[in-house]
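Grab your viewer and a pencil: here are a few short exercises to work through. Try each one before you read its solution.

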Amino acid sequence: MSPDTSGMSPECALAHRPGYKGLHRECRQTEDVSLPHGGGILLVRRCTCAHHVSKVEALDLITPESAAQA
Ligand SMILES: [Zn+2]
Ligand SMILES: [Zn+2]
């Protein structure tokens, strides 16, 4: 079982090796970074590591509307 780490940050790619699990937390590529005035050119692509996906879904549950109602 070897996941495709080509779209992942160096930290997450390494984190898939035995003994390096903790490096998932070191990953900073949790969102796309585009050039400020680059017309949508991406500097850094979001890390494709699966452990970020569940995190994004959790954040999506907290919408501005639901926060205002609370
Ligand atoms: Zn990552
Ligand atoms: Zn990761």
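The exercises below go from the overall fold to single residues, and they concern a predicted model.

**Exercise 1.** Work out the secondary structure of the protein chain and its order along the sequence.

*Solution.* Start with the tally: the protein chain has three helices and two strands. Now walk along the sequence, and the pattern reads α-β-β-α-α.

**Exercise 2.** Find where confidence is lowest and where it is highest in the protein chain.

*Solution.* First take the chain as a whole: mean pLDDT is 79, with 74% of residues at 70 or more. Then go element by element. Helix H3 (residues 64–69) sits at the bottom with a mean of 53, while helix H1 (residues 10–15) tops the list at 94.

**Exercise 3.** Decide whether Leu43 counts as buried or exposed.

*Solution.* Locate the residue: Leu43 belongs to strand S2 (residues 42–44). Next, count its C-beta neighbours inside 10 Å, which gives 10. The cut-off for exposed is 12 or fewer, so Leu43 counts as exposed. Skipping neighbours within four places in sequence, Leu43 still contacts Val33, Ser34 and Leu35. As for Asp32, eleven residues away along the chain, its C-alpha lies 7.7 Å from that of Leu43.

**Exercise 4.** Identify the six residues of the largest nonpolar core, then see what Met8 touches.

*Solution.* Begin with burial: 10% of the 70 residues in the protein chain count as buried. The largest nonpolar core consists of Met8, Cys12, Ala13, Ala15, Cys47 and Cys49. Finally, ignore residues up to four places away in sequence, and Met8 touches Ala13, Cys47, Thr48 and Cys49.

Conventions: Residues are numbered from 1 along each chain as its sequence is written. Chains are lettered from A and ligands numbered from 1 in the order in which they are written. This is a predicted model: local features need pLDDT of at least 70, side-chain atom pairs count only at pLDDT 80 or more; totals for chains, interfaces and linings use all residues. A nonpolar core is a set of buried Ala, Val, Leu, Ile, Met, Phe, Trp, Tyr and Cys residues joined through C-beta atoms within 7 Å. A residue is buried if 20 or more other C-beta atoms lie within 10 Å of its own, exposed if 12 or fewer, and partly exposed in between; C-beta atoms are placed from the backbone. Two residues are in contact if their C-beta atoms, placed from the backbone, lie within 7 Å. Helices (H or I, at least four residues) and strands (E, at least two) are DSSP runs, numbered from the N terminus. pLDDT is the predictor's confidence in each residue, from 0 to 100.
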